[in-house]
Number of protein chains: 2
Amino acid sequence: MTMKLIEKYVGGFVSGREMEEIRGEVEEATREVLEGTGEGKEFLGWVRLPESYDREEFERIKAAAEKIRGDSDVLVVIGIGGSYLGARAVIEALQGQNRNTKVASADDTSGRVLQGASPSLTRSKASSAPLEIYFAGKDISSLELNSLLEICGGKDVSVNVVSKSGTTTEPAIAFRVFRELLEKKYGKEGAAKRIYATTDRAKGALKQLADAEGYETFVVPDDVGGRYSVLTAVGILPIAVAGIDVDELIAGAGQAMEEFSEVDFEKNLAMRYAGYRNILYRKGFSVEVLAGYEPRMAMMSEWWKQLFGESEGKEGKGIFPASVVFSTDLHSMGQYIQEGERKLFETVLSFEDAGVEVLVPECDGDLDGLGYLEGKSLEFVNERAMRATILAHVDGGVPNVVLEMDRLREFELGYLIYFFMMSCAISGYVLGVNPFDQPGVESYKKNMFALLGKPGFEELRGELEGRL
Amino acid sequence: MTMKLIEKYVGGFVSGREMEEIRGEVEEATREVLEGTGEGKEFLGWVRLPESYDREEFERIKAAAEKIRGDSDVLVVIGIGGSYLGARAVIEALQGQNRNTKVASADDTSGRVLQGASPSLTRSKASSAPLEIYFAGKDISSLELNSLLEICGGKDVSVNVVSKSGTTTEPAIAFRVFRELLEKKYGKEGAAKRIYATTDRAKGALKQLADAEGYETFVVPDDVGGRYSVLTAVGILPIAVAGIDVDELIAGAGQAMEEFSEVDFEKNLAMRYAGYRNILYRKGFSVEVLAGYEPRMAMMSEWWKQLFGESEGKEGKGIFPASVVFSTDLHSMGQYIQEGERKLFETVLSFEDAGVEVLVPECDGDLDGLGYLEGKSLEFVNERAMRATILAHVDGGVPNVVLEMDRLREFELGYLIYFFMMSCAISGYVLGVNPFDQPGVESYKKNMFALLGKPGFEELRGELEGRL
């Protein structure tokens with residue numbers, strides 16, 4: 001098994017009988033997902049994607065990624081929501097949050113510091129980043145956009161604009177800015193060779209523009225919603241540009257697809273997770289905290305929050321998704337989790353092998369009291385901290401579901417992504433909502449168009465202005 | 001007034017009568033803070049700090065910051081919780097999350113890109129970062145530590161270790177690693193000139209080591225708890241190293257101190273915010289979402305979460321603090337906030353003047369439908385999006401408290417920090433808890449020591465091992 005779902009720390013809060021009672025609902029929900037019989041069934045393209053994806057497009061993505069890596073210092077990915085979070089989450093999870101920071105060359109490093117430090121300090125090295133990747137069009141901050149323009153100054157830039165329609169306000173603004181920048185810098189034709197559009201297969205503003213200008217295009221499938229789209233071209237192109245092994249990522253998702261394609265409440269972990277979540281919710285545990293021990297997983301948590309929050313938060317219900325990075329947040333949100341209002345449960349992500357080993361150095365004297373840890377690996381300490389925290393929180397009245405994987409690499413991450421998507425879909429059906437729509441997102445957009453003076457919204461504008 | 005607290009979007013959820021009813025409690029709580037008569041009164045050093053701070057130490061901090069800026073490429077700040085979050089939050093809020101990324105030189109930039117782009121695109125430029133600042137000892141991840149060691153390779157490094165005791169596991173481990181690195185690189189004496197210890201005034205492992213080795217030391221005051229300590233040496237040294245005007249930061253806090261030193265429920269905004277929060281909590285709004293429209297404020301939100309979560313989350317009660325960055329998260333958590341379980345309220349941070357102007361570029365044709373925004377500033381669009389969202393969420397049943405400030409600079413940030421600390425202290429007393437302790441943080445530590453095999457914890461170890 002690629003992943004283990006450890007149930008004993010939730011067992012004190014959810015009985016076997018309760019799991020038996022919800023079994024029928026979870027089985028029914030799972031069938032709805034697998035057989036495409038539920039609400040939102042037109043958005044189930046992600047379910048078989050790991051085997052049905054477009055091989056020809058996949059090869060074009062890889063070729064485009066190679067070209068970008070060859071002719072660019074910076075890739076700017078323009079998108080928002082599902083067209084943004086997944087790619088960033090995967091890239092940071094596998095390459096760290098400092099991947100855009102240049103490290104000294106290997107020679108320089110080993111000569112001046114790493115070798116100077118204890119030779120045992122680090123036994124392997126993560127590879128350095130091949131090029132910088134930034135995300136734009138995910139907000140409307142002039143400070144952010146200006147900062148990114150400064151970073152791009154004097155560097156060779158390519159752009160991947162990701163938008164099904166091409167008219168979403170945030171990415172459309174950013175794309176105007178970067179398109180202008182590229183056209184001034186490389187000329188219209190040169191720019192066209194550096195702009196990659198991930199958009200609708202056939203229609204929409206961006207597709208039309210791309211065809212007119214000659215941008216290479218990739219497809220946002222009709223049957224995959226934004227928050228389920230990270231393994232389509234939406235996520236795969238930027239992830240491939242980062243130098244990540246996208247075949248392995250898909251293979252991991254494929255493994256999960258196999259494992260979760262059977263309606264078997266005993267063995268199907270996506271079903272069991274969905275069962276626990278819904279039982280806990282019904283018992284008043286209305287906030288779920290995703291807890292991890294690797295800071296580089298912070299954006300994966302944001303992706304997870306969108307996935308579950310947007311899928312379940314509707315019709316006045318849904319578990320509120322939150323996240324923490326331990327042990328950092330044990331010295332921040334830890335107090336609340338341990339002793340605050342008892343409405344929380346935690347889902348804990350555990351990776352056994354970090355892939356790099358740093359040891360606690362020896363030291364003259366033992367002023368700091370760490371003597372008993374000398375020569376131990378940080379990995380060991382981190383793992384013990386995790387076990388310690390799980391037990392403390394369970395004792396404090398917080399159910400813990402633990403997801404254990406061997407390591408944090410492409411295969412495992414692809415698996416985890418698929419696991420969460422499948423479990424989320426099942427969970428949403430058990431909750432009684434359509435896990436594939438997001439009707440509430442229109443409310444702010446409509447108001448925004450009105451307040452911005454968009455033609456056609458004059459009446460609403462008058463009404464809203466009066467309330468401000 | 002440096003800040004406005006806009007009450008009309010909470011008015012539909014909290015009546016004037018309810019505010020009158022809680023007035024007495026809030027006044028009493030405020031007196032407890034100002035007069036030092038409540039629980040935890042030994043930790044009220046932050047209340048008068050903006051006027052009572054140690055001027056001599058402040059000058060030493062500035063001199064140390066200048067020295068570090070002169071002789072270092074990188075400052076590594078080692079600390080966790082309150083010894084970490086505040087400094088990082090302030091630095092990122094004022095200099096952005098990409099401050100460690102090198103931008104091209106001004107000449108290069110203007111020659112190749114910014115000038116190449118529309119001259120109207122950017123009218124001012126943020127200054128580029130003077131040196132890189134990283135945070136360590138905030139987790140136990142070997143991936144993080146290894147990545148930071150790689151970044152430091154070949155660069156000149158100084159270290160600011162921040163720990164009252166010097167024995168907290170996470171920072172103590174990181175300090176061993178960086179101390180070894182510096183001593184190998186610069187020799188014992190050279191390293192001592194690059195290590196700055198912010199610790200107890202007189203006692204503890206770190207103070208003892210610093211005195212023995214000759215590190216310059218700064219003080220973690222006895223009467224200021226970690227989450228209230230950002231304006232002490234704990235936060236001020238790293239912030240000053242970043243090149244931020246710390247006098248202005250303190251001046252802003254001083255302004256807030258003046259404004260919030262009177263027990264006047266009509267005028268004292270810290271009191272009003274505390275009043276609204278507690279009324280909302282009693283009415284079942286048990287999750288508070290801090291919402292901002294500047295991504296660089298994300299770490300300030302983390303600081304805020306520690307402040308409120310650790311102060312209030314105890315004895316089985318407390319508002320659960322969460323945060324979002326809009327408009328990004330309108331395409332993520334927005335759905336839940338709009339239509340999920342109705343237990344949320346939002347506190348919205350608004351800064352009118354971003355300090356930099358980027359305009360929506362003109363464009364041939366109007367495929368993307370943005371024609372009506374051409375020539376408008378992003379600032380304008382962002383502000384309209386904020387108003388639109390406030391109205392949409394209020395209509396969806398989410399009370400909104402809006403905090404409006406003119407701009408996001410040192411003075412305003414200092415003011416905001418003090419506002420939150422004062423309001424949090426008042427709020428905690430109204431809730432009926434001690435807002436200055438964190439008894440729950442010990443639970444995981446105790447378990448961790450046991451599971452790590454620390455001498456003295458043998459009995460607990462046996463018990464815990466049996467449960468794993």
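# Notebook: a two-chain model

I looked first for the part of chain A that comes closest to the rotation axis, and found A:Thr101, whose C-alpha lies at 2.8 Å. The model is predicted, so I note that local features need pLDDT of at least 70 and side-chain atom pairs pLDDT 80 or more, while totals for chains, interfaces and linings use all residues. Residues are numbered from 1 along each chain, chains are lettered from A and ligands numbered from 1 as written, and side-chain values use heavy atoms without hydrogens or water.

**Symmetry.** I superposed chain A on chain B (least squares on C-alpha atoms with pLDDT of at least 70 in both). A rotation of 180° with 0.0 Å of shift along its axis does this, at an RMSD of 0.0 Å. That is the relation of a two-fold axis. I then looked up the interface: 100% of the interface residues of chain A are also interface residues in chain B, so the copies meet through the same surface.

**A helix pair.** Where do α4 and α15 of chain A come within 11 Å? I found that the axes of α4 (residues 85-95) and α15 (residues 410-431) do so while crossing at roughly 145°; axes are lines fitted to C-alpha atoms over the stretch in contact, with angles from 0 to 180 degrees between N-to-C directions. Helices are DSSP runs of H or I with at least four residues, and strands are E runs of at least two. On the α4(A) side the contact (heavy atoms within 4.5 Å) uses A:Val90, A:Ala93 and A:Leu94, and on the α15(A) side A:Glu410, A:Leu413 and A:Ile417. I sorted these residues into 5 nonpolar, no polar and 1 charged.

**Cavities.** I counted 7 cavities of 30 Å³ or more, a cavity being grid points (1 Å grid) where a 1.4 Å probe fits but cannot get out, with lining atoms within 4 Å of a point. The second largest has a volume of about 180 Å³. Its lining holds 16 residues, and A:Tyr293, A:Glu294, A:Phe351, A:Asn382 and A:Glu383 lie nearest the centre. Strand β9 (344-353) and helix α14 (378-395) of chain A each give two or more residues to this lining. I noted its residues as 7 nonpolar, 5 polar and 4 charged.

**Backbone.** Most residues other than glycine have a negative phi, and most peptide bonds are trans. Against that, A:Phe326 and A:Ser327 are joined by a cis bond with omega about 5°. I placed A:Ser327 in the loop between β8 (320-325) and α13 (334-339) of chain A. In chain B the bond from B:Phe326 to B:Ser327 is cis, with omega near 0°, and B:Ser327 sits in the loop between β8 and α13 of chain B. I also looked at A:Glu315, which has a positive phi of about 55° although it is not a glycine. A:Glu315 lies in the loop between α12 (298-312) and β8 of chain A.

How values were computed. Nonpolar A, V, L, I, M, F, W, Y, C, P; charged D, E, K, R; others polar. 1 Å grid on protein atoms, 1.4 Å probe; cavity = no way out; pocket = protein on both sides within 12 Å on 5 of 7 lines; lining within 4 Å. Points joined across faces, edges and corners; volume = space filled by probe spheres on them.
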